[in-house]
Amino acid sequence: MSHPRPPWWLKFGSIGQMAQAAVALLGFVAILFQISVLGKNAHEAGARQIYQAYNDLEFKNPQFAKPDLERIKAGPQNDLVQYEVYVSYFLYACEEALGAFDNKREWLRQQARMAGDLRL
């Protein structure tokens with residue numbers, strides 16, 4: 001008397017074991033997704049902080065926000081160095097914001113407005 005042959009899927013375990021493996025796999029995928037989202041959120045938060053620091057710098061140095069480049073060049077050397085540092089920080093803030101918010105139109109419009117206000 002021979003035993004009936006078991007179904008093919010039993011070689012992978014019982015239905016309960018397969019369901020447990022599927023849930024574990026879904027949990028692993030969810031963890032990877034969460035790590036990705038947390039990294040993106042951290043990058044966006046850092047870009048926002050840099051942008052706010054730039055806005056603070058702009059508020060404290062309105063002469064650089066709407067520059068008179070001829071006056072800056074004709075003035076003390078210290079003013080030109082400060083303006084160069086201001087422009088450098090502006091470019092850094094733009095790079096961070098564009099990297100973090102590359103698909104958000106409001107940030108792209110803001111960056112275009114800022115670049116139009118600044119003369120290099």
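Helices are DSSP runs (H or I) of at least four residues, numbered from the N terminus. Glu-58, for example, belongs to helix α1.

**Figure 1. Overall view of the predicted model.** The protein contains 5 helices and 0 strands. Followed along the sequence, these elements give the pattern α-α-α-α-α. Of its 120 residues, 22% count as buried. Among the contacts with a separation of 6 or more, 63% are made by residues 24 or more positions apart.

**Figure 2. Confidence of the prediction across the protein.** The average pLDDT is 84, and 89% of the residues reach a score of at least 70. Among the elements, α1 has the highest mean pLDDT, at 91. The lowest mean, 68, is that of helix α5, which spans residues 105-117.

**Figure 3. Packing of helix α1 on helix α4.** Helix α1 covers residues 15-60 and helix α4 covers residues 77-100. Their axes lie 9 Å apart and form an angle of about 150°. Because angles over 145 degrees count as roughly antiparallel, α1 and α4 are roughly antiparallel to each other. The crossing of α1 past α4 is left-handed.

**Figure 4. Residues at the contact of α1 with α4.** On the α1 side, the contact is formed by His-43, Glu-44, Ala-47, Ile-50, Ala-53, Tyr-54, Leu-57 and Glu-58. On the α4 side, their partners are Tyr-86, Tyr-89, Phe-90, Tyr-92, Ala-93, Glu-96, Ala-97, Gly-99 and Ala-100. Sorted by class, the contact of α1 with α4 comprises 12 nonpolar, 2 polar and 3 charged residues.

**Figure 5. Close-up of Tyr-89 in helix α4.** Tyr-89 is one of the α4 residues that meet α1. When neighbours within four places in sequence are left aside, Tyr-89 is in contact with Ile-50, Ala-53, Tyr-54 and Leu-57. These four partners are also listed among the α1 residues that meet α4. Between Tyr-89 and Ala-53, the C-alpha to C-alpha distance is 9.3 Å, although 36 residues separate them in sequence. The relative accessible area of Tyr-89 is 26%, so this residue is partly exposed.

**Figure 6. Close-up of Glu-58 in helix α1.** Glu-58 has a relative accessible area of 19% and is therefore buried, as the cut-off for burial is under 20%. Not counting residues up to four places away in sequence, Glu-58 touches Ala-65 and Tyr-86. Of these two, Tyr-86 belongs to the α4 side of the contact with α1.

**Figure 7. Close-up of Gln-63 in helix α2.** Helix α2 comprises residues 62-65. Apart from residues up to four places away in sequence, Gln-63 touches Asp-68, Arg-71 and Ile-72. The C-alpha atoms of Gln-63 and Asp-79 are separated by 9.9 Å, with the two residues 16 apart along the chain. Is Gln-63 buried, exposed or partly exposed? Its relative accessibility is 31%, so Gln-63 counts as partly exposed.

Conventions. Residues numbered from 1 in each chain as written. Predicted model: local features only at pLDDT ≥ 70, side-chain atom pairs only at ≥ 80, totals over all residues. Heavy atoms only, no water. Axes fitted to C-alpha atoms, helices over the stretch in contact; angles between N-to-C directions. Parallel < 35°, antiparallel > 145°, perpendicular 65-115°, else oblique. Left-handed = near helix turned anticlockwise from the far one by under 90°. Contact = heavy atoms within 4.5 Å. Nonpolar A, V, L, I, M, F, W, Y, C, P; charged D, E, K, R; others polar. pLDDT = per-residue confidence, 0-100. Buried < 20%, exposed > 50% of the residue type's maximum accessible area, 1.4 Å probe, protein only.
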